Amino acid sequence: TEKEMSIDKVNFQINGNPIAVEGKIRGFIPFFFQPKKKGFVNLSIHSPRLDVATLLKPKEARKTANGSEKNKNNTKKIDELIQLLIDKVEFSIDLKVDELLKGAFRGQNLTGKISLLSNQLKAQKVKMDTDGGTIKLGIRMSDLHLPTNHVSLHCEVNDADIKKIFNSFGNFRQKLIKAENVSGKISAKVDLSADIDDEFKIDTLTLKGGIELRIKNGKIMNFAPLVNMSTFIFKRRDFEEVGFAEISIRSSVFRSFLEIERMEIQSTVLSLFLEGRYSFTDSTNLSVQIPLSNLKRRNKNYKPEN
């Protein structure tokens, strides 16, 4: 009708991902004939399986007989339409994904609400099960009309399996410590903000926020740097499997630095305290305090406590 367009169900695929859409669009016809008026889109989107990697494929350049000038004109028209939608349409989308994939990462039962209003994109009450725990997520992206957007992120992780997380994220692209070296449960709260460009690259000069981590029943097994310690210090202690009391980490992020508050690490072989600055570039400055009480040997049944 003139006032409303009702979508009972639309099924389609995006790069092999099945999508089902239903909902209502108010002001549908007036929007196209009288674009000064606003449109309102309320949709429910469901996918039984969504592979994020296929959605992020780079666009292939299309060649035309008229050359690049025609492509430029088409791109300009698309940009103008997108800007018109951002300015004149309010989106409210309820999202449900049964299985979310990204490489080795697996998430289940994803639900959330996405809204687009006044040059702001929000993802609220996003929740899913993964790696034996749950993740809650909130994202806000502002200044959509600009080439650089400000993004703020709030994330909570509850009782996720550390070993599964390392597997899911490919050991975070480092070779020092791998999934087979760790075990335990991790919970975290992360609040970060930064500016990103249209290729989703982070401007590290604008990065700031805070991170809280809590690790329960943590263990490090067959970790070469620890095992090698036994060749020159505490030679009679078992560094091949080291258990830890609960580890609590509070840190703040500023640009390329991670400022770590003084933290206590109690293990089956020794105890220490750590604080200082960890740099993602080249200026790490950490202080490690090792109490003399470590000279007293801990037996195999010792249970570390903070």
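**Notebook: Ser92, Tyr302 and a nonpolar patch**

I began with the neighbours of Ser92 and found that, leaving aside residues up to four places away in sequence, Ser92 touches Val41, Asn42, Leu43, Lys113, Ile114 and Ser115. I keep in mind throughout that this is a predicted model.

I then looked up where Ser92 sits, and the residue belongs to strand S5, which covers residues 89-102. Of the neighbours, I checked Lys113 further: the side chains of Ser92 and Lys113 make a polar contact with each other, at 3.3 Å.

Next I turned to Tyr302, which I located in the segment after strand S16 (285-289). Not counting residues up to four places away in sequence, Tyr302 touches Ser267 and Thr268. For the second of these I noted the backbone separation as well: Tyr302 and Thr268 are 34 residues apart along the chain, while their C-alpha atoms are separated by 6.1 Å. I asked myself whether Tyr302 should be entered as buried, partly exposed or exposed. I entered Tyr302 as partly exposed, because its relative accessible area is 28%, which falls between the limits of 20% and 50%.

Last, I examined the surface and recorded a nonpolar patch of about 380 Å², made by Met5, Phe28, Ile29 and Phe33. Which element gives the largest share of this nonpolar patch? Helix H1 (residues 28-33) does, with three residues. Met5, by contrast, I found in strand S1, residues 4-14. Met5 is partly exposed with a relative accessible area of 32%, so Met5 passes the requirement of over 30% for patch residues.

Terms used:
Residues are numbered from 1 along each chain as its sequence is written. This is a predicted model: local features need pLDDT of at least 70, side-chain atom pairs count only at pLDDT 80 or more; totals for chains, interfaces and linings use all residues. Side-chain values use heavy atoms; hydrogens and water are left out. Patches are made of residues with over 30% relative accessible area and no salt bridge: like charges are joined within 9 Å, nonpolar side chains (Val, Leu, Ile, Met, Phe, Trp, Tyr) within 5 Å. Accessible areas come from the Shrake-Rupley method with a 1.4 Å probe; for residues, only the protein chains shown count as cover. A salt bridge is a side-chain nitrogen of Lys or Arg within 4 Å of a carboxyl oxygen of Asp or Glu. Helices (H or I, at least four residues) and strands (E, at least two) are DSSP runs, numbered from the N terminus. Buried means under 20% relative accessible area, exposed over 50%, partly exposed in between (1.4 Å probe, protein chains only). Contact means heavy atoms within 4.5 Å. A polar contact is a pair of N or O atoms within 3.5 Å; within protein, one must be able to donate a hydrogen and the other to accept it, and residues adjacent in sequence count only if both atoms are side-chain atoms.
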